[in-house]
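Grab a pencil and keep the viewer open. Here are a few exercises to work through, each with its solution.

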Protein chains: 2
Amino acid sequence: MKKDLGSVLALYPTPLVVVGAYVGDKPDWTLVGHVGIIGHDRILVSLAKPHYINGGIRQNKVLSVNVVDEALLAKADYVGCVSGNSTDKSEVFETSVGKAGAPMISSAPLTMECRVVDVYETPGFESFICAIEHTYADEGILNEQGKLDYHKFKPVLFEMPTYEYLKTGDAIAKCMSFGKKEGK
Amino acid sequence: MKKDLGSVLALYPTPLVVVGAYVGDKPDWTLVGHVGIIGHDRILVSLAKPHYINGGIRQNKVLSVNVVDEALLAKADYVGCVSGNSTDKSEVFETSVGKAGAPMISSAPLTMECRVVDVYETPGFESFICAIEHTYADEGILNEQGKLDYHKFKPVLFEMPTYEYLKTGDAIAKCMSFGKKEGK
């Protein structure tokens, strides 16, 4: 029996990321679970307007999107717990600087360095539309063809309804491998 | 050692969904892995412009987002394999009609029925920005508080780099449960 829950966000789980940007001369970091993919070359990160980091993103128009794995989760959760408005988070992570000038988490196995090409505004939120300029990956999470290997790299996932972090599980199948035969 | 892969989409895995909309008087269905969340009340589904379903979405401005679990995967993969431009997919799923008029997959445990409030265009793609009007869920995937329970419901996940479907894994922790103590 189906129940109408009303207007409930249910597009989960999403990959959990830490967004990094300079605010003034210091890096700031915040945890984001509301993200998305646009076409084949842009991503969005959606942030409530009061976030301290938003000013730095608007000013510099570059940011990093650091995908969180379990090794990063404690610090990632921490930067989601405290606000840059009241706490200096610049030293939470060892920082490296990307080719486009964004601060990045040195220990993150996978980071996209992005240029902000647009801001999509909705009440209370700024969703930063980002063109990916560089994707940096530890060689240990690549397969033999040099592609990201989700058998080796397991992003932490986010869901808001009960506010939990989840694991990325095992592979089920190659896409479009069986639908033609089995689907109809 | 980190490698710069260039501009590579790496914001995976994402929840896999089947989008449904009427095209003329028949429902059409297509598989989408490029989705996102905007603020706390909107989602986006990003579709290449040639998709047959896009015309129906533009005309009727309502669609359903059916979250794929393993029981739905074979048919979901099938509607991703064949184009509505050449194949009538209206009878692939048993269809029910939502309160806002969108066709929905009767057997999907979780469906959002959405009104299209904007179209964000990028070269070759239309990303439909959707306000969620109703979220329909099987009672069996809700917890005792009536919230979606990801211990019970396991969406299939999508990743494009090696084009595989993945499982949603077990819970790790409650969000913001340990970062304050452990993170710093």
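The exercises below deal with a predicted model and go from the interface to some local backbone features.

**Exercise 1.** Work out how chain A and chain B are related, and which residue of chain A comes closest to the rotation axis.

*Solution.*
- Step 1: superpose the chains. Chain A lands on chain B after a rotation of 180°, with 0.0 Å of shift along the axis and an RMSD of 0.0 Å.
- Step 2: name the relation. That rotation is what a two-fold axis gives.
- Step 3: look along the axis. G36(A) is the residue of chain A that comes closest, with its C-alpha at 1.7 Å.
- Step 4: compare the two sides. The interface residues of chain A are, to 100%, interface residues in chain B as well, so the copies meet through the same surface.

**Exercise 2.** Describe the contact between chain A and chain B: how many residues take part, and how much area is buried?

*Solution.*
- Step 1: count the residues. Chain A puts in 95 residues and chain B puts in 95 residues.
- Step 2: get the area. About 9000 Å² is buried between the two chains, and carbon and sulfur atoms account for 65% of that.
- Step 3: find the top contributors. K2(A), L11(A) and I37(A) supply 9% of what chain A buries against chain B, more than any other three residues.
- Step 4: tally the polar side. There are 43 residue pairs in polar contact across the interface, counting pairs with both residues at pLDDT 80 or more, and the salt bridges between the chains number four.
- Step 5: sort the residues. On the side of chain A that touches chain B, 50 are nonpolar, 23 polar and 22 charged.

**Exercise 3.** Find out what β13(A) pairs with in chain B, and what K174(A) does there.

*Solution.*
- Step 1: locate the strand. β13 (residues 164–174) of chain A gives 11 residues to the side that touches chain B, the largest share.
- Step 2: look across. β13(A) runs antiparallel to β13 (residues 164–174) of chain B, and seven bridges join them.
- Step 3: zoom in on one pair. The bridge partner of K174(A) in β13(B) is E164(B).
- Step 4: check the side chains. E164(B) also forms a salt bridge with K174(A), with the closest N and O atoms 3.9 Å apart; the cut-off is 4 Å.

**Exercise 4.** Track down the cis peptide bond at P13(A), its counterpart at P13(B), and the phi of K61(A).

*Solution.*
- Step 1: start in chain A. Y12(A) and P13(A) are joined by a cis peptide bond with omega about 0°, and P13(A) sits in the loop between β1 (2–4) and β2 (14–15).
- Step 2: go to chain B. The bond joining Y12(B) and P13(B) is cis too, with omega about -5°.
- Step 3: check phi. K61(A) isn't a glycine, yet its phi is positive, near 60°; K61(A) is in the loop between α1 (53–60) and β7 (62–67) of chain A.

Definitions and conventions:
Residues numbered from 1 in each chain as written. Chains lettered and ligands numbered in written order. Predicted model: local features only at pLDDT ≥ 70, side-chain atom pairs only at ≥ 80, totals over all residues. Heavy atoms only, no water. Contact = heavy atoms within 4.5 Å. Buried area = accessible area lost by both parts, 1.4 Å probe. Salt bridge = Lys/Arg side-chain N within 4 Å of Asp/Glu carboxyl O. Polar contact = N/O pair within 3.5 Å; in protein donor to acceptor, adjacent residues only side chain to side chain. Helix = DSSP H or I, 4+ residues; strand = E, 2+ residues; numbered from the N terminus. Nonpolar A, V, L, I, M, F, W, Y, C, P; charged D, E, K, R; others polar. Pairing = 2+ DSSP bridges. Least-squares fit on C-alpha atoms with pLDDT ≥ 70 in both.
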